[in-house]
Amino acid sequence: MKKIVLSILALATLTFTSCSSDDDNNGGTSSSFVLDADNFKGDINDGEVTLDSSTEYNLTGALIIKDGAKLTIPAGTVIKASGGTNAYIAVAQGGQIFINGNATNPVVMTSAKASPAPGDWGGLVVCGKADTNKGGSTGQTASAEVSSLTYGGTVNNDNSGSIKFLRLEYTGAEFTGDKQFNGLSLFGVGSGTTVEYVQSYNGKDDGIEFFGGAVNAKYLVSTGSGDDGIDFADGWKGSGEYWYVKDTAKAGIEGSNNGDTFDATPTTTATLSKISIVNSGTSKDEGGLYLKEGTGVWTANDIFISGGVSGFFMKSSDTVTAQHITDGDHDITNVQFDGISGDKVNGNASEGFFTEANNTGAGNGAGLPTWAQGWTK
């Protein structure tokens with residue numbers, strides 16, 4: 001009799017546990033967030049939410065991963081945004097996102113429209129605790145220009161998660177009257193965060209942009225951007241390796257220090273290697289590489305610039321950038337120009353701040369690199 005009673009109790013306990021797990025309805029550890037794939041939005045305030053790659057998610061509004069919460073997205077997951085300007089995914093300071101795509105099954109975030117177009121939805125925003133010069137000095141915080149979340153601080157090794165094999169399509173909706181989303185916006189993101197194998201495809205504004213922080217980024221692809229392909233500013237002190245940029249309306253890569261105070265500190269300190277920029281820039285003011293607003297300190301190697309109007313550009317009024325060039329703060333080596341229609345350098349500089357040599361850029365010169373094939377569009 002005792003054995004029968006114990007068996008019944010054990011069965012009841014198992015049944016209760018299983019129902020509790022199902023009621024969480026988020027596929028991860030315990031979280032108060034209720035996941036609705038047809039109306040995917042809201043604040044993930046706690047625990048971990050894990051998506052299901054066999055389910056298509058309709059992003060109808062803002063999805064915010066708050067401090068202490070996690071969102072995990074497995075390989076092959078598709079998220080389609082139908083909420084226009086209000087539809088975006090953002091990671092707040094202390095939150096984490098884990099995008100676990102792979103070369104044969106990337107995670108895709110795209111428009112839900114039958115005939116998609118640039119600007120159909122927002123994009124992905126990540127806000128970390130690493131340093132930025134946006135506040136004018138070390139350790140300041142600021143409000144992200146899209147999402148209005150706080151970013152910045154002193155934790156340069158901050159970890160906002162991992163983003164691997166992600167394709168962002170048709171981003172760039174207008175957030176306010178003069179601000180648009182980028183494909184991927186990295187605000188004060190720390191070096192503990194992984195950013196690898198990310199493509200921005202046909203975004204209305206910049207493809208990928210770094211606003212301060214110390215995150216390193218490898219294997220980035222930006223194609224068809226309505227503004228710059230890849231942009232970094234506000235004291236970013238990271239490294240970029242294997243970047244492929246093609247068919248941007250403005251600069252292929254734009255590197256700034258601070259738009260308000262050109263000589264603000266901490267200074268943007270960029271380390272770039274193995275970069276291809278193809279058919280970028282519709283005027284001499286927007287060349288392959290735009291050294292802008294104080295530009296910062298650059299170390300760059302193996303840069304391939306093909307098509308477009310000019311190689312490098314800086315405004316003649318930007319005396320801070322000019323002084324960096326005079327002081328030898330730009331160590332740019334092994335630059336190859338291939339069929340640009342204008343000058344190698346246009347603006348307030350001679351050609352003496354870089355050296356030329358043949359190279360393959362991101363891997364195949366002007367052609368799509370081998371590492372980008374299969375998962376990009």
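This passage looks at how aromatic rings pair up in a predicted model.

A search through the whole structure turns up 23 aromatic pairs. Take Tyr197 and Tyr219 to start with: their ring centres sit 4.4 Å apart and their planes meet at 5°, so this pair counts as stacked. The cut-off behind that label is an angle under 30 degrees. In sequence terms, the two tyrosines come from distant parts of the chain, 22 residues apart. Tyr197 belongs to strand S16 (residues 194-201), while Tyr219 belongs to strand S18 (residues 217-223). As for solvent, Tyr197 has a relative accessible area of 16%, which makes it buried, and Tyr219 is buried too, with a value of 16%.

Phe337 and Phe354 make up another aromatic pair, this one edge-to-face. Here the centre-to-centre distance is 5.6 Å and the planes are 65° apart, with the edge-to-face class starting over 60 degrees. Phe337 lies in strand S26 (residues 330-338) and Phe354 in strand S28 (residues 354-356), so the contact ties together parts of the chain 17 residues apart in sequence. Both partners are out of the solvent by the usual count: Phe337 is buried at a relative accessible area of 16%, and Phe354 is buried at 7%.

Back to the tyrosines, whose pairing is part of a wider network. Ring pairs join Tyr197 and Tyr219 with Phe165, Tyr242, Trp371 and Trp375 in a cluster. The stacked pair described above, with its planes at 5°, thus sits among the rings of that cluster.

Terms used
Residues are numbered from 1 along each chain as its sequence is written. This is a predicted model: local features need pLDDT of at least 70, side-chain atom pairs count only at pLDDT 80 or more; totals for chains, interfaces and linings use all residues. Side-chain values use heavy atoms; hydrogens and water are left out. Rings of Phe, Tyr and Trp (its six-membered ring) pair if their centres lie within 6.5 Å; planes under 30 degrees apart count as stacked, over 60 as edge-to-face and the rest as tilted. Helices (H or I, at least four residues) and strands (E, at least two) are DSSP runs, numbered from the N terminus. Buried means under 20% relative accessible area, exposed over 50%, partly exposed in between (1.4 Å probe, protein chains only).
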